[in-house]
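Visitor: I would like a close look at one part of this model. Please start from the pairing of strands and work outward to whatever packs around them.

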Amino acid sequence: MLDQVVPHRPQSLLATSSKSALNIAQNLDQATRARWEAALLRSETSFSRGTCFAPAGDLPSRFFVVLEGWVQKYRQLPDGRRQVTGFCLPGQACDLNLLFQISRRHALAALSSVRVASLDRAQLLDLIDQGPDLKEALLRADMIAANMTSEWLVSTGLKSAQERVAHLLCELFIRQNPFLIDPEVGLPATQAELAEATGLTSVHANRVLRDLRMRFGVSTRNRKLQIPDFGALAKYAHFQRGYLGFDDS
């Protein structure tokens, strides 16, 4: 059952209306948030769709936060097969590998035209020193990202193709629209990319999306996602949004 929806609260400069722990700015006090957002805006850069701006395997030299657009995390085998392992939306840090100087096992690529902030380790550590709650927010967001990876793994291992695609669509819908106010949200991921995120072939994903459209009215056309009866789809997919770190208190 969908967790209780909470009232709307004001947006910050970079944050969406989501109270998810994935959205770093939403979990900072006013002073730390101001420093955080100013630092991000000073270090922003843009990439066109499809650009891989952080390859897998290397020790990371930059810390990335999405300002606008979507970023995908993925692994690619030498023969070209790919597995999408996560989608990063505005307000979200892509990973904490730089902070702990651990090599990045996934690559980062622009799923749409994106603006991202790019900080080096010294800049990040300086921000943490100035606002200790930033480190807690970053670590909590990273734990939530790990929860998401676990959910995706369970979906791939235990759920039917229809259930796993339905679960992914519910996740992407609620991350952008946590109060279920908007009838549609953005979906820059192609059918092939949704397939790579759910362990399906593109042909199979096409059949699944067609089935979900007939059964639940789900639409993924024109880079938009519509879920007319979110509750019904969430129940079918065994989706509960608590793993996304929403504060519904």
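Guide: Two strands count as paired if DSSP finds at least two bridges between them. With that in hand, note that the model is predicted. The part to look at is an open sheet of four strands, in the order β2-β6-β4-β5. Its pairing is antiparallel.

Start at β6, residues 107-110. One partner is β2 (residues 52-54), joined to β6 in the antiparallel sense over two bridges. There, Cys52 stands opposite Ala109. The other partner is β4 (residues 71-76), again antiparallel, with four bridges to β6. In that pairing, Val71 has Ala110 as its bridge partner.

Now move along to β5. Six bridges join β4 to β5, and the two run antiparallel. Val71 turns up again, standing opposite Cys88 in β5. So Val71 has a bridge partner in β6, Ala110, and faces Cys88 in β5. β2 and β5 stand at the edges with a single partner strand each, so one side of each has no neighbour in the sheet. On average, neighbouring strands are turned by 35° against each other, direction ignored.

What lies against the sheet? Helix α6 packs on it, touching β4 and β5. The direction of α6 makes about 100° with that of β5.

Next, the faces of β6. In a regular strand, side chains alternate between the two faces of the sheet. In β6, Ala107 and Ala109 lie on one side, Leu108 and Ala110 on the other. All four are buried, and both faces of the strand are covered.

From here the picture widens to the largest nonpolar core, which has 47 residues. Nonpolar side chains tend to be buried together in soluble globular proteins. Phe87, Leu212 and Phe239 touch the most other members of this core. β5 and β6 are among the elements that give two or more residues to the core, as are α4, α5, α6, α7 and α8. α5 gives the most, with nine residues.

Take Phe239. Leaving aside neighbours within four places in sequence, Phe239 is in contact with His167, Cys170, Glu171, Ile174, Phe230, Ala234 and Leu244. Of the elements behind those contacts, α5 covers 161-176 and α8 covers 230-237.

Then take Leu212, one of the buried residues of α7. Helix α7 runs over residues 202-216. It has 15 residues and reaches 20 Å from first C-alpha to last, close to the 21 Å expected. Buried along with Leu212 are Ala205, Val208, Leu209, Asp211 and Phe216. Seen down the axis of α7, the buried residues fall within an arc of 160°, so they line one face of the helix. An α-helix has 3.6 residues a turn, so residues three or four places apart point the same way. The face of α7 turned away from its buried side carries the exposed residues Val203 and Met214.

What covers the buried residues of α7 includes α5, α6 and α8. That brings us back to the sheet through α6, the helix that touches β4 and β5. Just after α7, Gly217 takes a positive phi of about 75°.

Note on methods
Residues numbered from 1 in each chain as written. Predicted model: local features only at pLDDT ≥ 70, side-chain atom pairs only at ≥ 80, totals over all residues. Heavy atoms only, no water. Expected span 1.5 Å × (residues − 1). Buried < 20%, exposed > 50% of the residue type's maximum accessible area, 1.4 Å probe, protein only. Arc of directions from axis to C-beta. Contact = heavy atoms within 4.5 Å. Core = buried A, V, L, I, M, F, W, Y, C linked by side-chain atoms within 4.5 Å. Axes fitted to C-alpha atoms, helices over the stretch in contact; angles between N-to-C directions.
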